[in-house]
Amino acid sequence: MLEALRLVYRQPLVEGVLLGCLLFQMGSGLTLLWRGRGRRRGGVAWMQAISGGYLALFLLIHVTAVLAGRFQGVDTNLQFAAAGMHTPPWQWFFGPYYFFAVFALGTHVGCALYWNLPEPLRARALVGAMLAGWMLAVCLVVLLAGGFHALEIPARYLAPLAGLAGRG
């Protein structure tokens, strides 16, 4: 599926539009986060702020890593994403990094639902979205760690992380 989608999203015009949308989303979200400081009240408002802040940090790191990898001629595929889970001690960074990104997305969507649904549905929608985010986050980390099926990670993906850990 990734190969088919790449035919569309890796077109220079489409890729530029996607990166522009991403920058706009991060910029507007960080602006809202900054403007809300000192005025945020209640648990849902704080969950929305924290999850949005984490998503911005994740996207900054993730997109930078993907663009750097592509610039170096590395195929940024599943093996690229999973390499950190197979190069000690990096799994202690990448496991929580991916888990909290997906959980933060579920939480952020849940907060949006909470603010936009009628009162009787708000809490259930928030909890449901957070639970879905948690379950998907666990599945992603297990997948990247090779827990569902063995992943063959080529040495070219492992070497840069091993070098950073002083073993390359």
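These legends go with a set of close-up views of a predicted model.

**View 1. The whole chain is built from helices and has no strands.**
Before zooming in, here's the overall layout. The chain carries seven helices and zero strands, so the pattern read along the sequence is simply α-α-α-α-α-α-α. Laid along its principal axes, the C-alpha trace covers about 50 × 35 × 35 Å. There are 168 residues in the chain, and 29% of them count as buried. The exposed surface comes to about 10700 Å², with 73% of that supplied by carbon and sulfur atoms. Take the contacts with a separation of 6 or more: 70% of them join residues 24 or more positions apart.

**View 2. Helices H2 and H3 pack with a left-handed crossing.**
Here we're looking at H2, residues 12-35, set against H3, residues 43-71. Their axes come within 10 Å and cross at roughly 150 degrees. That angle makes the pair roughly antiparallel, because the cut-off for that label is anything over 145 degrees. On the H2 side, the residues to look for are Glu 15, Leu 19, Leu 22, Met 26, Leu 30 and Leu 33. They meet Ala 49, Gly 53, Ala 56, Leu 59, Leu 60, Val 63 and Arg 70 in H3. Sorted by class, this H2 and H3 contact has ten nonpolar residues, one polar and two charged.

**View 3. Val 14 and Cys 21 are two partly exposed residues of H2.**
Staying with helix H2, this view picks out two of its side chains. Val 14 lies in H2 and counts as partly exposed, because its relative accessibility is 30%. Leaving out residues up to four places away in sequence, Val 14 touches Val 8 and Tyr 9. Cys 21 also sits in H2. Its relative accessibility is 46%, so Cys 21 counts as partly exposed too; the exposed label needs over 50%. For a sense of distance, look back to Leu 7: the C-alpha atoms of Cys 21 and Leu 7 are 19 Å apart, with the two positions 14 residues apart along the chain.

**View 4. Helices H3 and H5 pack obliquely.**
This one shows H3 again, now with H5, which spans residues 91-116. The two helices pack at an angle of about 135 degrees, and their axes are 8 Å apart. H3 and H5 are therefore oblique to each other, and their crossing is left-handed. From H3, the contact draws on Val 44, Ala 45, Met 47, Gln 48, Ser 51, Gly 52, Tyr 54, Leu 55, Phe 58, Ile 61 and His 62. From H5 come Pro 96, Tyr 97, Tyr 98, Phe 100, Ala 101, Ala 104, Leu 105, Thr 107, His 108, Cys 111, Tyr 114 and Trp 115. Split by class, the H3 and H5 contact has 17 nonpolar residues, six polar and no charged.

**View 5. Helices H5 and H6 pack with a right-handed crossing.**
Next up is H5 with H6, the helix covering residues 119-144. The packing angle is about 160 degrees and the axes are 8 Å apart. H5 and H6 are therefore roughly antiparallel, and H5 passes H6 in a right-handed crossing. The residues of this H5 and H6 contact come out as 21 nonpolar, five polar and one charged.

**View 6. A cis peptide bond joins Pro 88 to Pro 89.**
Zoom in on the backbone for this one. The bond from Pro 88 to Pro 89 is cis, and its omega is near 5 degrees. Pro 89 has its place in the loop between helix H4 (78-82) and H5.

**View 7. Leu 161 is a buried residue of helix H7.**
The last close-up goes to H7, residues 155-164, where Leu 161 is found. Leu 161 has a relative accessible area of 13% and is therefore buried, as the cut-off is under 20%. Setting aside residues up to four places away in sequence, Leu 161 touches Ala 83, Gly 84, Thr 87, Trp 90 and Phe 94. Leu 59 makes a handy reference point: it is 102 residues from Leu 161 along the chain, and the C-alpha atoms of the two are separated by 19 Å.

Note on methods: Residues are numbered from 1 along each chain as its sequence is written. This is a predicted model: local features need pLDDT of at least 70, side-chain atom pairs count only at pLDDT 80 or more; totals for chains, interfaces and linings use all residues. Side-chain values use heavy atoms; hydrogens and water are left out. Axes are lines fitted to C-alpha atoms, for helices over the stretch in contact, and angles run from 0 to 180 degrees between N-to-C directions. Helices (H or I, at least four residues) and strands (E, at least two) are DSSP runs, numbered from the N terminus. Angles under 35 degrees count as roughly parallel, over 145 as roughly antiparallel, 65 to 115 as roughly perpendicular and the rest as oblique. A crossing is left-handed if the near helix is turned anticlockwise from the far one by less than a right angle, and right-handed if clockwise. Ala, Val, Leu, Ile, Met, Phe, Trp, Tyr, Cys and Pro count as nonpolar, Asp, Glu, Lys and Arg as charged, and the others, Gly among them, as polar. Buried means under 20% relative accessible area, exposed over 50%, partly exposed in between (1.4 Å probe, protein chains only). Contact means heavy atoms within 4.5 Å. Accessible areas come from the Shrake-Rupley method with a 1.4 Å probe; for residues, only the protein chains shown count as cover.
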